[in-house]
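Here are my notes on this one, as numbered points. Have the model open while you read.

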Amino acid sequence: MILLIAIAVMMAATIAVHLGLAQAICNVLCKVCKCHKCMSFWITLAVLLLIGCNIIVAAMLSLLMSYMSNWFGLLLIWLNDKYNELWQRLNQKKM
């Protein structure tokens, strides 16, 4: 039985590559990986569904987390600016 499953998976993967499906999936994934909102949405949705959360609740929380990722990104940018400011002050004192 396991051998048949392995053969079926191999055939499906080969057909997917032959038809260009694998490349199309990679293109979509590349776009998702470049956007923190998209990545937050899909990762949150996947994790919530994997732990057994209701699909409606998971979708709503994923949308909320996608929005909140903007604010978290702004916080990271602000912290990075503060770090750079402190680093420049420390380097100026040493010279």
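1. Patches first, so the rule up front: a patch is built from residues with over 30% relative accessible area and no salt bridge, joining like charges within 9 Å and nonpolar side chains (Val, Leu, Ile, Met, Phe, Trp, Tyr) within 5 Å. Areas come from the Shrake-Rupley method with a 1.4 Å probe, and for residues only the protein chains shown count as cover. With that, Val57, Leu61, Leu64, Met65, Tyr67, Met68, Trp71, Leu74 and Ile77 make up a nonpolar surface patch, with about 860 Å² of accessible area together.

2. Some bookkeeping. This is a predicted model, where local features need pLDDT of at least 70, side-chain atom pairs count only at pLDDT 80 or more, and totals for chains, interfaces and linings use all residues. Residues are numbered from 1 along each chain as its sequence is written, and side-chain values use heavy atoms, with hydrogens and water left out.

3. One patch member, leucine 74, is found in helix 4; helices here are DSSP runs (H or I, at least four residues; strands are E, at least two), numbered from the N terminus. Is leucine 74 buried or partly exposed? At 48% relative accessibility, leucine 74 is partly exposed, given that buried means under 20% relative accessible area, exposed over 50% and partly exposed in between (1.4 Å probe, protein chains only).

4. Now for two serines in helix 4. Serine 62 sits in helix 4, which covers residues 55-94, and serine 62 is buried at 0% relative accessibility. What does serine 62 touch, leaving aside neighbours within four places in sequence? Its contacts (heavy atoms within 4.5 Å) are Phe41, Thr44, Leu45 and Leu48. Serine 66 is also placed in helix 4 and counts as buried at 14%. Not counting residues up to four places away in sequence, serine 66 touches Lys37, Ser40 and Phe41.

5. On to the charges. The structure holds two salt bridges, a salt bridge being a side-chain nitrogen of Lys or Arg within 4 Å of a carboxyl oxygen of Asp or Glu. Lysine 82 pairs with glutamate 85 at 3.7 Å, N to O; these two are three residues apart in helix 4, about one helical turn. Arginine 89 bridges to glutamate 85 as well, with the closest N and O atoms 2.7 Å apart. Arginine 89 and glutamate 85 both lie in helix 4, four residues apart, again about one turn. Shared partners join Lys82, Glu85 and Arg89 into one network. Why does the spacing suit? An α-helix has 3.6 residues a turn, so residues three or four places apart point the same way.

6. As for cover on that network, lysine 82 is partly exposed at 33%, and glutamate 85 is partly exposed at 33% too. Arginine 89 is partly exposed at 46%.

7. How many disulfides are there? Zero, with a disulfide taken as a pair of cysteine sulfur atoms within 2.5 Å. Cysteine 30 has its nearest cysteine sulfur, in cysteine 26, 6.5 Å away, and cysteine 30 is partly exposed at 43%. For cysteine 35, the closest cysteine sulfur is in cysteine 38 at 3.3 Å, too far for a bond. Cysteine 35 is partly exposed, at 22%.

8. Lastly, helix 1 (residues 2-19). Helix 1 has 18 residues and reaches 26 Å from its first C-alpha to its last, close to the 26 Å expected; the expected span is 1.5 Å times one less than the number of residues. Just after helix 1, glycine 20 takes a positive phi of about 85°.
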